[in-house]
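Ready for a few exercises on how helices fit together? Keep the sequence and the 3D view open, try each task, then check the worked solution.

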Amino acid sequence: MDELQIWQNWQSGRLADAVVFIGSILAIWLALRVANLTRSNSETDVIAKIVSSIFGMCVVAGSWMAYTISANTWTLTAGALESLNEKSEVAEGFIEYVGVTGGVSTPDPLGMVFLIVIALMILTLIWRPKKN
């Protein structure tokens, strides 16, 4: 595979990652909406709170996985570029910028903090006692 093909594959991966990111943001919005409705409904029981919590945590887990796959788009591209015998200056700069050339098993730190905050928002909306 030559450098141009690697860049084309990277661009295709970035497009797919962007679509998945938009989907995860919509799913997070829905999970926060469900949590808010669970909290505001006077007929909500413990079962409904548990089901809403599970839904919210599934959304966060799916987003975590999507963010990890997106991070791998970068790292595996850097690895493919590094394996080339002849690299452009741009490729060398990309490898240096990414810093990792193998697969990763977690999102970047900012993505982790974002998803942890979302998880806390969902759970506190559902389980925090209401103030009357």
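**Exercise 1. Find which residues Ser63 is in contact with, leaving aside its neighbours within four places in sequence.**

Step 1: place the residue. Ser63 sits in helix H2; helices here are DSSP runs (H or I) of at least four residues, strands are E runs of at least two, and both are numbered from the N terminus.

Step 2: look for partners. With close sequence neighbours set aside, Ser63 is in contact with Ser24, Ile28 and Leu115, where contact means heavy atoms within 4.5 Å.

Step 3: check the burial. Ser63 has a relative accessible area of 2%, so it is buried (buried is under 20% relative accessible area, exposed over 50%, partly exposed in between, with a 1.4 Å probe and protein chains only).

A quick note on what you're looking at: this is a predicted model, where local features need pLDDT of at least 70 and side-chain atom pairs count only at pLDDT 80 or more, while totals for chains, interfaces and linings use all residues. Residues are numbered from 1 along each chain as its sequence is written, and side-chain values use heavy atoms, leaving out hydrogens and water.

**Exercise 2. Work out whether Val60 is buried or exposed, and what it touches.**

Step 1: find Val60 in helix H2. Its relative accessibility is 9%, so Val60 counts as buried.

Step 2: list the contacts. Not counting residues up to four places away in sequence, Val60 touches Leu115, Ile118, Ala119 and Ile122.

Step 3: take one of these, Ile122. Val60 and Ile122 are 62 residues apart in sequence, yet their C-alpha atoms are 9.6 Å apart in space.

**Exercise 3. Describe helix H4 and say where its buried residues fall.**

Step 1: get the length. H4 covers residues 109-127, 19 residues in total, and reaches 27 Å from first C-alpha to last, close to the 27 Å expected at 1.5 Å a residue (the expected span is 1.5 Å times one less than the number of residues).

Step 2: pick out the buried residues of H4: Gly111, Leu115, Ile118, Ala119, Ile122 and Ile126. Seen down the axis of H4, they fall within an arc of 100°, so they line one face of the helix (the arc is that of the directions from the helix axis to the C-beta atoms).

Step 3: check the other side of H4, where Pro109, Leu110 and Leu120 are exposed.

Step 4: see what covers the buried residues of H4. The cover includes helix H1 (3-40) and helix H2 (46-82).

**Exercise 4. Work out how H2 runs relative to H4, H1 and H3.**

Step 1: recall the method. Two packed helices are described by the angle between their axes and the distance between the axes. Axes are lines fitted to C-alpha atoms, for helices over the stretch in contact, and angles between N-to-C directions run from 0 to 180 degrees.

Step 2: try H2 and H4. Their axes come within 10 Å and cross at roughly 170°. That makes H2 roughly antiparallel to H4 (under 35 degrees is roughly parallel, over 145 roughly antiparallel, 65 to 115 roughly perpendicular, the rest oblique).

Step 3: try H1 and H2. Their axes come within 9 Å and cross at roughly 165°. That makes H1 roughly antiparallel to H2.

Step 4: try H2 and H3 (residues 89-98). They pack at about 135°, with axes 9 Å apart. That makes H2 oblique to H3.
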